[in-house]
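Q: I'd like to practise reading a fold from its sheets and helices. Could you walk me through one, feature by feature?

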Amino acid sequence: MTDEHHHEPDRETFSHDPIGHAEVRAGMTVGELAAEYGNAGVGAADLHEAVDVTAAMFDDDVTLFFSLAGAMVPTGMRKIVSELIHDGYVDVLVTTGANLTHDSIEAIGGKHHHGEVHAEGKTEREHDETLRDEGVDRIYNVYLPQEFFATFESHLRDEVFPVLEAEAEESGPVSIERLTRELGRANAEVNDRDDVAEDAGIAAAAYENDVPIYCPAVQDSVLGLQAWMYSQTSPFSLDALSDMTGLTDIAFEADEAGAFVVGGGVPKNFTLQTMLVTPRAYDYAVQLTMDPKQTGGLSGATLDEARSWGKLETDAENVSVYGDATIALPLVVAAARERIGGSE
C-alpha cells in the first residue's frame with residue numbers, strides 16, 4: 001500500500017521563518033507597522049520587502065530614478081515627492097505632463113478639492129454632466145474647477161514660454177528637460193512672490209536642487225497642449241531626443257542605480273529602458289502598481305520580466321507591491337525614511 005503522505009528524505013522541513021501574526025497597537029510608528037507586515041504573507045510581505053529595498057536605494061551611493069505616473073499630484077501625494085527631492089533622495093524624476101500641470105496649479109495658488117463620486121439623487125452620468133455645465137473636472141473623488149487651467153495657461157505664457165522662446169530664437173528647439181526646469185523656476189518664483197499658502201511643489205524642488213525632470217510624453221497633457229499652441233505663433237519648439245543625452249549620462253555615471261516606479265505607462269518604461277544603452281542595469285527596483293501582468297501590458301509587467309531585457313541586474317533586489325499607490329507610497333516612503341533617519 002502506497003503512503004500518499006510519504007515525502008522524499010531531502011524535502012525542506014519548513015522549520016525556518018514561519019508566518020507570524022501581525023501585531024498592531026496604539027502609538028506604534030509606521031516603521032514598526034511595516035516590520036509587523038513582515039510577519040505576514042501576500043501583499044503585506046511585499047510591502048515589508050519594499051521598505052527594505054527602498055531604504056537601500058535611499059543610500060547616498062545609489063543614483064535613484066523616481067518614476068511617477070497616474071494622478072498622484074491631484075490626489076495629495078505631491079509633498080511626499082517634493083520632500084524626497086529636497087532631502088536629496090531623488091537624482092532623476094520621470095513623470096507625466098499631467099502631474100506637472102497639477103503641480104504647477106497648486107504652486108501658483110490653485111487647489112484640488114474633495115467631492116463625492118455620486119451626487120445625491122443623480123446617476124454618475126448625470127453628476128458628470130452637471131459638473132461639465134458647472135466647469136468642474138473630476139478625477140474619481142477629486143475635483144478641480146476649470147478656471148485654474150486658465151490661470152495655468154497665463155502662468156505659462158507670462159512666466160515660462162517667453163524665456164524659452166528667446167533661447168529657441170538663438171539656438172533652436174529646447175529640450176523637454178529644459179522646459180520642466182524653467183517651469184520649476186517660474187513656479188518657485190511666483191509661489192514666493194504671491195505668498196501662496198501651498199508650497200511650491202515638485203518642479204520647484206527639482207529646480208532648486210538641480211534634479212532633472214524628464215517628461216517623455218509631455219504633449220499628452222494640458223502643459224503639452226499649451227506648449228504646442230504657443231509654438232504655432234513663435235519660434236519656440238521642443239526637441240524630445242535631446243533629453244536622452246543627459247539622462248543616459250546620469251545612468252552611465254551611476255556606481256549603483258535604483259528605480260522607484262509609481263504606476264506604469266510611459267514614465268515606467270522610459271525609466272527602465274534607460275539602462276539598455278549602458279553596460280549595466282538597475283541594482284534595486286520597487287514598483288507600486290495595480291496593473292496585472294496577465295494582460296501582457298507594460299504597466300503590469302513584473303520587474304522580474306524587466307530582468308530578461310537587461311533593465312535589471314540578474315542579482316538585483318526588486319519587489320512589486322500591488323495596491324493603490326495613494327495608500328502604498330506614503331507607507332513605504334515613511335517606513336524607509338524612519339529606517340535610515342530615525343525620526344526624520
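A: Sure. Let's settle one term before the sheet: two strands count as paired if DSSP finds at least two bridges between them. Keep in mind, too, that this is a predicted model.

Q: With that in hand, what is the strand order in the open sheet, and how do the strands pair?

A: Three strands make up the open sheet, in the order β3-β5-β4, and the pairing is antiparallel. β3 (113-114) and β4 (136-139) are the edge strands: each has a single partner strand, so one side of each has no neighbour in the sheet.

Q: How many bridges join β3 to β5?

A: Two bridges link β3 to β5 (residues 142-145), and these strands run antiparallel. To find one on screen, go to His 114: its bridge partner in β5 is Val 142.

Q: Let's move on to helices. How should I describe two that pack together?

A: The usual description of two packed helices gives the angle between their axes and the distance between the axes. Here, take helix α1 (residues 30-37) and helix α2 (residues 42-57): their axes come within 7 Å and cross at roughly 125 degrees. An angle between 115 and 145 degrees counts as oblique, and that makes α1 oblique to α2. The crossing of α1 and α2 is left-handed.

Q: Which residues make the contact between α1 and α2?

A: From α1 you have Ala 34, Ala 35 and Tyr 37, while α2 brings in Ala 44, Ala 45, Leu 47, His 48 and Val 51. As a general idea, an α-helix has 3.6 residues a turn, so residues three or four places apart point the same way.

Q: What span should helix α7 have, and is it buried or exposed?

A: For the span, count 1.5 Å a residue: the 18 residues of α7 (residues 176-193) should cover 26 Å, and the end C-alpha atoms are 26 Å apart, which agrees. For burial, the cut-off is under 20% relative accessible area. In α7, 14 of the 18 residues are buried, so the helix is largely enclosed by the rest of the structure.

Q: Which residue with a positive phi follows α7?

A: That's Asp 195, in the loop between α7 and α8 (201-208). Its phi is near 50 degrees, a positive value in a residue other than glycine. Asp 195 is exposed, at 65% relative accessible area.

Q: And what is phi for Val 42?

A: Near 55 degrees, again positive in a residue other than glycine. Val 42 lies in helix α2 and is exposed, with a relative accessible area of 76%.

Technical notes
Residues are numbered from 1 along each chain as its sequence is written. This is a predicted model: local features need pLDDT of at least 70, side-chain atom pairs count only at pLDDT 80 or more; totals for chains, interfaces and linings use all residues. Side-chain values use heavy atoms; hydrogens and water are left out. Helices (H or I, at least four residues) and strands (E, at least two) are DSSP runs, numbered from the N terminus. The expected span of a helix is 1.5 Å times one less than its number of residues. Buried means under 20% relative accessible area, exposed over 50%, partly exposed in between (1.4 Å probe, protein chains only). Axes are lines fitted to C-alpha atoms, for helices over the stretch in contact, and angles run from 0 to 180 degrees between N-to-C directions. Angles under 35 degrees count as roughly parallel, over 145 as roughly antiparallel, 65 to 115 as roughly perpendicular and the rest as oblique. A crossing is left-handed if the near helix is turned anticlockwise from the far one by less than a right angle, and right-handed if clockwise. Contact means heavy atoms within 4.5 Å.
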